[in-house]
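Open the model in your viewer and keep the sequence panel beside it. We will go from stop to stop, with something to select at each one.

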Amino acid sequence: MSIDTEHFRTALLEERERVERAIANLRDDHPGTASDEVEEISGTSDNHLAETASVTLDREIDYTLEENSGQVLAEIDGALKKIDDGTYGTCENCGKQIAPQRLEAHPWASLCIDCARLAEHR
């Protein structure tokens, strides 16, 4: 069964653009560091511990989202390289073809569903 790599290239490029916009929004929402923001709150006369904790939690969530988005970008870039190399849609673990349904749902998938399940249980 042949995979329509141009369809997936388009989907991957669209997803890449969406993820890049999300990262930019995270950075725009919090241009400084968490320390800067906490210092700003601490410097006010009505310093509230809960507010400082809330800011810290929000920043940690944003950092985690940005880190995860960076990982997705790397996976998307890897999938685009595989399209160029002619290896897109082949499981990196067992060498079998990844089901088109899996690629539709997760176009940067590098493992077939069986190998992905095995990897999750490790």
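Start with a cartoon view of the whole chain: its secondary structure comes to five helices and zero strands, where helices (H or I, at least four residues) and strands (E, at least two) are DSSP runs numbered from the N terminus. Along the sequence this reads α-α-α-α-α. What you have open is a predicted model, in which local features need pLDDT of at least 70 and side-chain atom pairs count only at pLDDT 80 or more, while totals for chains, interfaces and linings use all residues. Residues are numbered from 1 along each chain as its sequence is written, and side-chain values use heavy atoms, with hydrogens and water left out.

Now switch on the surface. The chain exposes about 8,200 Å², and carbon and sulfur atoms supply 51% of it; accessible areas come from the Shrake-Rupley method with a 1.4 Å probe, and for residues only the protein chains shown count as cover. Of the 122 residues in the chain, 25% are buried. Here buried means under 20% relative accessible area, exposed over 50%, and partly exposed in between (1.4 Å probe, protein chains only). As for contacts (heavy atoms within 4.5 Å), residues 24 or more positions apart account for 58% of those with a separation of 6 or more.

**Stop 1: helix α1**

Select residues 5-29. This is helix α1, with 25 residues, and the distance from its first C-alpha to its last is 36 Å, close to the 36 Å expected at 1.5 Å a residue. The expected span is 1.5 Å times one less than the number of residues. Which residues of α1 are buried? Show the side chains of Phe8, Leu12, Glu15, Val19, Ile23 and Leu26 to see them.

**Stop 2: an aromatic pair**

Keep Phe8 and add Tyr88. A search of the whole structure finds one aromatic pair, and the rings of Phe8 and Tyr88 form it, with centres 5.6 Å apart and planes at 45°, so the pair is tilted. The rule takes rings of Phe, Tyr and Trp (its six-membered ring) with centres within 6.5 Å; planes under 30 degrees apart count as stacked, over 60 as edge-to-face and the rest as tilted. The pair links distant parts of the chain, as Phe8 is in helix α1 and Tyr88 in the loop between α3 and α4 (100-105), 80 residues apart. Phe8 and Tyr88 are both buried.

**Stop 3: inside helix α3**

Next, colour residues 49-85, helix α3, which includes Leu65. Pick Ile76 in this helix: it is buried, with a relative accessible area of 0%. Beyond its neighbours within four places in sequence, Ile76 is in contact with Leu12, Glu15, Arg16 and Trp108. If you draw a distance from the C-alpha of Ile76 to that of His106, 30 residues apart along the chain, it reads 9.9 Å.

Ser69 is also found in α3 and is buried at a relative accessible area of 16%. Outside four places in sequence, Ser69 is in contact with Val19 and Ile23. Then move to Lys82, another α3 residue, which counts as buried at 17% relative accessibility. Lys82 touches Thr87, Tyr88, Glu92 and Ser110, not counting residues up to four places away in sequence.

**Stop 4: salt bridges**

Side chains of opposite charge can pair when their charged atoms come close. Taking a salt bridge as a side-chain nitrogen of Lys or Arg within 4 Å of a carboxyl oxygen of Asp or Glu, how many are there? The count comes to nine.

- Select Asp84 and Arg9, which meet at 3.1 Å, N to O; this pair joins helix α3 to helix α1, 75 residues apart. Asp84 counts as exposed, at 56% relative accessibility. Add Glu6 to see the network of salt bridges that links Glu6, Arg9 and Asp84.
- Select Arg16 and Glu20, whose salt bridge is 2.1 Å, N to O. Both lie in helix α1, four residues apart, about one turn of the helix. Glu20 is partly exposed, at 38%.
- Select Arg27 and Glu66, which meet at 2.7 Å, N to O. Arg27 is in helix α1 and Glu66 in helix α3, 39 residues apart.

**Stop 5: a nonpolar patch**

Finish on the surface with Leu57, Ile61 and Leu65, which make a nonpolar patch of about 270 Å². Patch residues have over 30% relative accessible area and no salt bridge; like charges are joined within 9 Å, and nonpolar side chains (Val, Leu, Ile, Met, Phe, Trp, Tyr) within 5 Å. Leu65 is partly exposed, with a relative accessible area of 42%.
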